[in-house]
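Me: I should like to learn how to read several features of a protein model, beginning with the chain as a whole and ending with single residues. Could we proceed step by step?

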Amino acid sequence: MRTINGVIRELLVQVRTETAVGETVFISGNTPELGEWKVSQAVQMTNVSTDGNLWQSLIRIPTHQNVQYRYLICTIVENEGKSENIVRYWESHLRPRILRPIDFIDGKGEIDVFGYQGDSESISKGWLTSETIVQLKMFNSPVTIWKRRYREKPISIHVSTIDITRKDSVAEIIGMEEDSTLNEAVVNRGWPIVEVAQMNDTHCQFAPQNQFGIVYEPNEYVIFQVQVLNPNSIAYMVDFYAHDTDNSSDSDIPEHIGFCYILPSNMRDTSGTCNMPISGKRQQPIGQLSVDYLIVRPMQDLVCDLSVSYAKHWKSLDKKGLDVGHRGAGNARRNDKVENVLENTVASFNYAAKHGADMVELDVQLSKDLVPVIYHDYYICISMKKKRTQNEHELLQLAVKDLTAQQLRMLKLSPAEAEKDKYQFHEDDSEENQPFPSLKHVLEAVDPRVGFNIEIKCPMQHHDGTWELDLRFELNRYIDVILRDILENAGNRYIILSCFHPDICTMVRLKQNKYPLLFLTQGETDKYPPYLDTRTATIPMATYFALNTGILGIDVHAEDLMRDPSHIPFVKDRNLVLFCWGEDINHSDVIKSLKEQGVDGVIYDKVDEFTRAQENVFLVEAKARLGLLELAGHVEENMSTWSSTSTN
C-alpha cells in the first residue's frame with residue numbers, strides 16, 4: 001500500500017468470477033477515483049490467473065472515509081471512435097461493499113467473490129445505457145413450411161446479425177446463401193450479442209444459441225434477444241434446419257433448408273409484426289415466418305447508475321403479506337365513510353394510508369400533452385347539455401389520451417362504466433378528492449411512509465384481434481416520460497411497478513435498474529376477454545416470463561389462486577414474489593387465507609374494514625432503520641477518530 005500526499009491510498013482489490021469471451025470485469029464506487037457509480041467511468045480490472053477467473057486492479061481511494069464499491073461485468077464495444085461499456089451483470093445487493101482503511105493495512109484485502117457478500121448472493125443482468133435491445137418473438141405457430149418433405153421433421157431456427165453498413169456484408173450474405181454452414185466470422189464476432197429463450201421451466205433464461213439454433217415447437221413461445229448499438233444498421237438472417245431425428249442431439253447434423261431476412265426497414269415502429277417469406281437453397285419460396293418484434297431504446301438524458309437497486313430486493317416480513325389498498329381506499333367512490341373519497345385520488349391514498357394500508361395501488365397513463373396522470377379507465381364521458389332543453393344531458397365518450405392534463409382537470413366528467421353512480425365526480429369535492437391528479441403531485445402529496453404499487457396502463461390486443469385502445473404514443477417515449485417522473489420525484493418512498501403488457505414489462509426492466517417490477521396477469525377467467533399474447537394466458541406462463549425478464553415477481557388474478565392453490569408454491573418455489581388482485585379477495589377470510597398460503601401482497605378494496613388501524617410495515621421498518629442509523633453514526637464517528645489518529 002502506498003500513500004499519496006497523505007490523502008489518497010493505492011490499494012489492490014481482487015475478485016474471482018467466471019466470464020465469457022469478450023467480457024471484462026470492472027469496479028465502480030462512490031468516489032471520483034472509482035467513477036462515482038457511473039458505468040462509463042468504472043475502473044477496468046486485469047485478468048491475472050491462468051484459469052482466467054481472477055481479476056485485480058490497483059485503485060486509489062481517500063484515506064479519510066469509507067469507500068463503497070461494486071463489481072460489474074461488461075462487454076466493451078467500439079462505437080464511433082469511443083469505447084462503450086455494456087453491462088452484462090452487476091452486483092445488486094441493497095448495500096454495496098465497503099472499503100475501510102483498517103481492512104487494508106498491508107495494502108491488499110481478501111479476494112472477493114463476484115456477487116457474494118458473505119453467504120448472500122445478488123447478481124442482476126444489466127440495463128440499457130447506450131445500447132438497444134431488439135426482440136424477435138415467435139408464438140402461435142409462427143413457421144409455415146410448404147414443402148411436404150419437411151413438414152413432419154423437427155425444425156430448428158438460428159438468428160444471426162449482419163451489419164448492412166459494412167463493405168463485406170453483401171459477400172457474407174451471398175456466402176451463407178450458397179453454403180449451409182454458418183460463416184464463423186459473422187456468428188462469433190462477439191457483438192452484437194444474440195441470445196434465445198423459451199417460456200418453459202428449463203429454457204426461460206436467455207442463453208447463447210448453439211450452432212443450429214433452437215428446436216422449434218409450434219406451441220412454444222420463443223424470444224430471440226439481440227443487443228445492438230445502431231439498430232438501423234443491423235439486419236437479421238433467420239436460418240432454418242430440418243432434423244432427421246426427434247431428439248435433435250448435438251451429434252445430429254441437420255439439413256439447412258432455407259432462410260429469410262428481416263431488414264431494419266421491416267421494423268419501422270417500436271413494435272409490430274413481420275411476415276417474411278422463407279427461401280429455399282434454390283431461391284424458391286418454401287414457407288413463411290411470422291415474427292413479432294420489439295425495439296427497446298435506453299432512456300434519453302437519464303441513465304441509471306450503480307449506486308442502488310431495489311429491483312430484486314424483497315425482505316421477509318414478520319407480518320404475513322402486505323395489505324395493498326386497491327386504487328387507494330377502494331375502487332369507485334367510498335360514500336360509506338365521512339371522507340367520501342373517490343378512487344385514485346390523493347384523498348383516497350391518504351385515507352388508505354391512515355387506516356392500515358402498507359401500500360396503495362394506483363394507475364398511471366399519459367394525457368395528450370404527455371403528463372402522467374392517475375386514472376384507471378382508458379375512456380371518460382364528457383357531459384353535454386342538449387339544445388332547447390333545461391335539464392337533459394348527453395354523454396360523449398373520449399379517450400383520456402386525447403385530452404390535456406388541464407382539460408381533464410377542468411371538464412365536467414363521468415366515468416365510462418355502466419354503474420356511473422358509483423363513480424360520479426362531484427364539483428364540490430376538495431382539490432385532493434378530484435380525479436386526474438398528476439403522478440408528480442401524488443408522489444409529493446401522499447404520506448411518504450406508505451408504499452406505492454404503480455400500475456402502468458398500456459392498451460393491449462385481445463385474442464379476437466380488437467384493441468383496448470389505439471394508443472398512438474411511441475412506446476419508448478411513453479415509458480420514458482412515466483419513468484422519469486418516478487425516478488425524479490419518488491424520494492425514499494418504497495415503490496413497486498406493475499403492468500399487464502408483457503412488452504411494457506420488458507421495457508421497464510431494461511430501461512431502469514432501481515425499482516422492482518411485477519407482471520400483472522388475469523390468467524384463466526371468464527370475467528375478462530383473453531389477450532392475444534400467450535404470456536398472459538396462465539400463471540405458469542407468467543412465471544416463466546418473470547424469470548425470463550429478471551423481474552421481482554407476478555401479480556395474478558385471485559380467481560386462479562382460489563380455484564387452484566397449487567399455483568402459490570409453483571411461483572414461490574421459483575423465488576418470485578407473488579401479489580394478487582380481484583374482487584373475489586374482498587372478504588376478511590379470503591385475505592387471511594391467501595396470506596397464510598404465502599401470498600406476499602393482497603390488493604383489495606376497503607382496507608379500513610379488513611385491517612386494524614396500525615402502523616404500516618414501512619413505517620415500522622423506518623423506525624427500526626432510524627435506530628440502526630443512530631448506532632451507525634456512533635460507529636462512523638469512532639472510525640473517523642481512529643482514522644485521523646492512526647499512522648499511514
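The dialogue below moves from the whole chain to a pair of helices and then to two residues.

Reply: Please keep in mind throughout that this is a predicted model.

Me: How many helices and strands are there in the protein chain?

Reply: The protein chain contains 15 helices and 36 strands.

Me: What share of the residues in the protein chain is buried, and what supplies the area that the chain exposes?

Reply: A residue counts as buried when its relative accessible area is under 20%. Of the 648 residues in the protein chain, 55% are buried. The chain exposes about 30000 Å², and carbon and sulfur atoms supply 48% of that area.

Me: What do the contacts in the protein chain say about separation along the sequence?

Reply: One takes the contacts with a separation of 6 or more and asks what part of them joins residues 24 or more positions apart; here that part is 69%.

Me: How do the axes of helix H8 and helix H9 cross?

Reply: One reads the distance together with the angle. The axes of H8 (residues 475-489) and H9 (residues 502-511) come within 11 Å and cross at roughly 55°. Angles of 65 to 115 degrees count as roughly perpendicular and those under 35 degrees as roughly parallel, and H8 and H9 are therefore oblique to each other. The crossing in which H8 passes H9 is right-handed.

Me: Which residues of H8 and H9 meet?

Reply: From H8 come Leu475, Asn476, Ile479, Asp480 and Leu483, and these meet Ile504, Met507, Val508 and Lys511 of H9. Sorted by class, this contact of H8 with H9 has six nonpolar, one polar and two charged residues.

Me: Where is Tyr116 found, and which residues does it touch?

Reply: Tyr116 is found in strand E11 (residues 116-117). Its relative accessible area is 34%, so Tyr116 is partly exposed. Not counting residues up to four places away in sequence, Tyr116 touches Glu91, His93, Arg97 and Glu121. Tyr116 and His93 are 23 residues apart along the chain, with their C-alpha atoms separated by 8.7 Å.

Me: Is Asp244 buried or exposed?

Reply: Asp244 counts as exposed because its relative accessibility is 61%. Asp244 lies in the loop between strand E21 (234-242) and strand E22 (255-262). Leaving aside neighbours within four places in sequence, Asp244 is in contact with Lys153 and Asp252. Asp244 and Glu152 are 92 residues apart in sequence, and 9.7 Å apart in space from C-alpha to C-alpha.

Definitions and conventions. Residues are numbered from 1 along each chain as its sequence is written. This is a predicted model: local features need pLDDT of at least 70, side-chain atom pairs count only at pLDDT 80 or more; totals for chains, interfaces and linings use all residues. Side-chain values use heavy atoms; hydrogens and water are left out. Axes are lines fitted to C-alpha atoms, for helices over the stretch in contact, and angles run from 0 to 180 degrees between N-to-C directions. Helices (H or I, at least four residues) and strands (E, at least two) are DSSP runs, numbered from the N terminus. Angles under 35 degrees count as roughly parallel, over 145 as roughly antiparallel, 65 to 115 as roughly perpendicular and the rest as oblique. A crossing is left-handed if the near helix is turned anticlockwise from the far one by less than a right angle, and right-handed if clockwise. Contact means heavy atoms within 4.5 Å. Ala, Val, Leu, Ile, Met, Phe, Trp, Tyr, Cys and Pro count as nonpolar, Asp, Glu, Lys and Arg as charged, and the others, Gly among them, as polar. Buried means under 20% relative accessible area, exposed over 50%, partly exposed in between (1.4 Å probe, protein chains only). Accessible areas come from the Shrake-Rupley method with a 1.4 Å probe; for residues, only the protein chains shown count as cover.
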